[in-house]
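User: I'd like to go through this model and ask what stands behind each label. Could you set the values against the definitions for me?

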Amino acid sequence: MSEERKRLLEVMDVTKIYGSGRTAVKAVDSVSFTIGRGELVLLMGPSGSGKTTLLTLISGLLKPTSGNIKIDGIEITDLTQKELAKLRLEKIGFIFQHFNLLTALTALENVMVPLVIKGVREGEARKKAAELLTNFGLEDRMHHKPEDLSGGEQQRVAVARAVITDPDIIIADEPTANLDSEKGREVMELIHAMVKRGKAAIIASHDPRVEGFADRILRMEDGRLKDDVHGGA
Amino acid sequence: MVSIARKNLFHEKGRLVISVGGVAFSTMLIMILIGVYYGIFTESTMYLVKTRADLWVGQEGIHDTWHTYSLLPRGLDKEIRQVGGVKDVHEFIGRAIRAKVSKVYDKEETIYIIGFDTKTGVGGPWEIVKGKRIPRDGQVIVDRVFATRNNIDIGDKIEVGGVELTVVGVSKDTFVLVYSYAFVTKEDAEKIFGAEDFLNYYMVEVENPFFAKKVADNVKSRLEGLGVKVDVLTKQEFIDNHKEVIDESFSAILLPLVFIGFFIGVTVIGLTLYTATLEKMKEYAILKAIGAGEAFMTRIVLEQAFTIAMLGFIAGLILSFLAASWVPNIAPEFYVEINMQNITMTFASIVVMSLVAALIPIRRLERIEPATVFQA
């Protein structure tokens, strides 16, 4: 594996400024770091420190004001919206604080969504989603809609949706914030297991329970990266 | 394949029912208006279709039996019979005239009196709903709409051109929107119009309708050779002329109404899709964030639009058939004709409607900011 391939995510001197002139706010200020395969990185910092903006930039959902971001060697700041959408679909899995499942779909159908977007045949998509949900202990809940699932079940469905396309990077924003300690641990174990299969994860969280799973902890403050230390994993 | 569009629609059943209902009523409105339009054509030209006449011989310059007046001398039938290919010739005496309704004596209404040969029956009514089909002198067969509107029944009397006539039959499909046909003997018609030496048209039956146009030219030549200026129209030409009159008169009224129906349909589908899009904005942002492109998002909106439109169309079609069978009971003047052309036109309108209605939600989806998925 080349050095560049090992560095799955490269963030190089990235700055994001919202607004202009006197009202300009520097949400992310000259941040640089890299994440390799098999690494689970925890992004910590107080509210307003720039964690979420950084995740948004890494996801290609926003363009940085300056700097470069590479995912698996691909410079994403130069990509078109269409290319970014394809990159997100194939290389990134998202997990959100509020689960963000589609309310009209069952758990199984929610997990199938990324494959549906990719154009995978229904039978194949259904089989793969069912297998994943079974592995996640949701075999009896897969035909229920989100409103009928507990928070922990919803987040496990969200994790399944995030990994069904076998992405290289999992980007998670406060994935345990709405879960009790047991459910939070279960979700983190799922993410940790994925990472150990050669993926990478960057997780923004205030939750100290997550620290135990992290290989590295990045601390942000006022948009700047203050610390980059080894975690408790 | 899992259809996010359909799942979204059926997840909100109340909204779906309202949307489909709106499209269904728009469909019905369009279909009934087009149906009335076709119905007017069919009913107004029914007399010409049903009457055993392949050619109509009238005074030069004739166009139709309603707006142009034809007056020809009697006796030309012998000359016409001499033309090769002519099988039979019948006289047509008829025009619109005011009639006094006896039950409400001061009330007058315009009817179109037709005097026909009661021996052959040619030119007379073809479908009777009550009473008899062939009148004698002093008797009349009136149209069902005229009878209903004036509360006239068998045995009642009306007065036309100073001649009192007893109603002996009620005919069907003899209403031409502004007035109806009434059938009397040739002799009574002569008395009513006071024109014993003249008639209005000669109706010609030909041996082979395939050669009707050729026979028409020969009839015209023969009569013009005798110094009688005539126009000879085939059945289809005469029907087309009548349709042209209807088209000129009613398109201007009915087409704006069809447009209003179309506009209501577009608005209903558009508002439904737009509010559904707004409500699911966060979910669409999630789809965009996880990698759905513009084409995928557009497909969702179009599928939602088409699903609403198709369900609405099917419901509207059923409602239209029910309405078409019910309308004549309360408004016998209206004949609603739902045919394949009508259905096809309405279907095409609904497809266009859903496309137009999907445009704004599609634009709205294009502007969704997927970065909002990280917001609480």
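**Two chains, label by label**

Analyst: Sure. Chain B has 11 helices and 12 strands, and chain A has eight helices and 10 strands. Keep in mind that this is a predicted model.

User: How do you know whether chain A has the radius of gyration of a compact globule?

Analyst: Put the rule next to the value. For 233 residues the rule gives a radius near 17 Å, and chain A has 17 Å, so the two agree. Along the principal axes, its C-alpha atoms fill a box of roughly 50 × 40 × 35 Å.

User: And what does the globule rule give for chain B?

Analyst: A compact globule of 376 residues would come out near 21 Å, but chain B has 29 Å. Its C-alpha trace spans about 95 × 50 × 30 Å along the principal axes.

User: What makes a residue count as buried, and what share of each chain does?

Analyst: The cut-off is 20 or more other C-beta atoms within 10 Å of the residue's own. By that count, 49% of the residues in chain A are buried, and in chain B 44% are.

User: Why is α10(B) believable as one helix, going by its length?

Analyst: At 1.5 Å a residue, the 37 residues of α10 (294-330) of chain B should span 54 Å; the end C-alpha atoms are 51 Å apart, so the length agrees. There is a kink, though: about 25° at Ala324(B), shortly before the proline Pro328(B).

User: Which strands of the open four-stranded sheet in chain A are called edge strands, and what makes them so?

Analyst: The order is β2-β1-β4-β5 in chain A, with antiparallel pairing. β2 (25-36) and β5 (74-75) each pair on one side only, and that makes them the edges.

User: How do you know that β1(A) and β2(A) are paired?

Analyst: Pairing takes at least two bridges. Strand β1 (residues 7-18) of chain A is joined to β2(A) by eight, running antiparallel, so the pair passes the cut-off. One of the partnerships is Tyr18(A) with Val25(A) in β2(A).

User: What counts as a contact between the chains, and how many residues take part?

Analyst: Two residues are in contact if their C-beta atoms lie within 7 Å. On that basis the contact takes 26 residues from chain A and 19 residues from chain B. On the chain A side, α2 (51-58), α3 (81-91) and α4 (107-118) each give two or more residues. That side divides into 14 nonpolar, six polar and six charged residues.

How values were computed
Residues are numbered from 1 along each chain as its sequence is written. Chains are lettered from A and ligands numbered from 1 in the order in which they are written. This is a predicted model: local features need pLDDT of at least 70, side-chain atom pairs count only at pLDDT 80 or more; totals for chains, interfaces and linings use all residues. Ala, Val, Leu, Ile, Met, Phe, Trp, Tyr, Cys and Pro count as nonpolar, Asp, Glu, Lys and Arg as charged, and the others, Gly among them, as polar. The expected span of a helix is 1.5 Å times one less than its number of residues. The bend at a residue is the angle between axes fitted to the seven residues ending there and the seven starting there. The radius of gyration is taken over C-alpha atoms; the globule rule is 2.2 Å times the number of residues to the power 0.38. A residue is buried if 20 or more other C-beta atoms lie within 10 Å of its own, exposed if 12 or fewer, and partly exposed in between; C-beta atoms are placed from the backbone.
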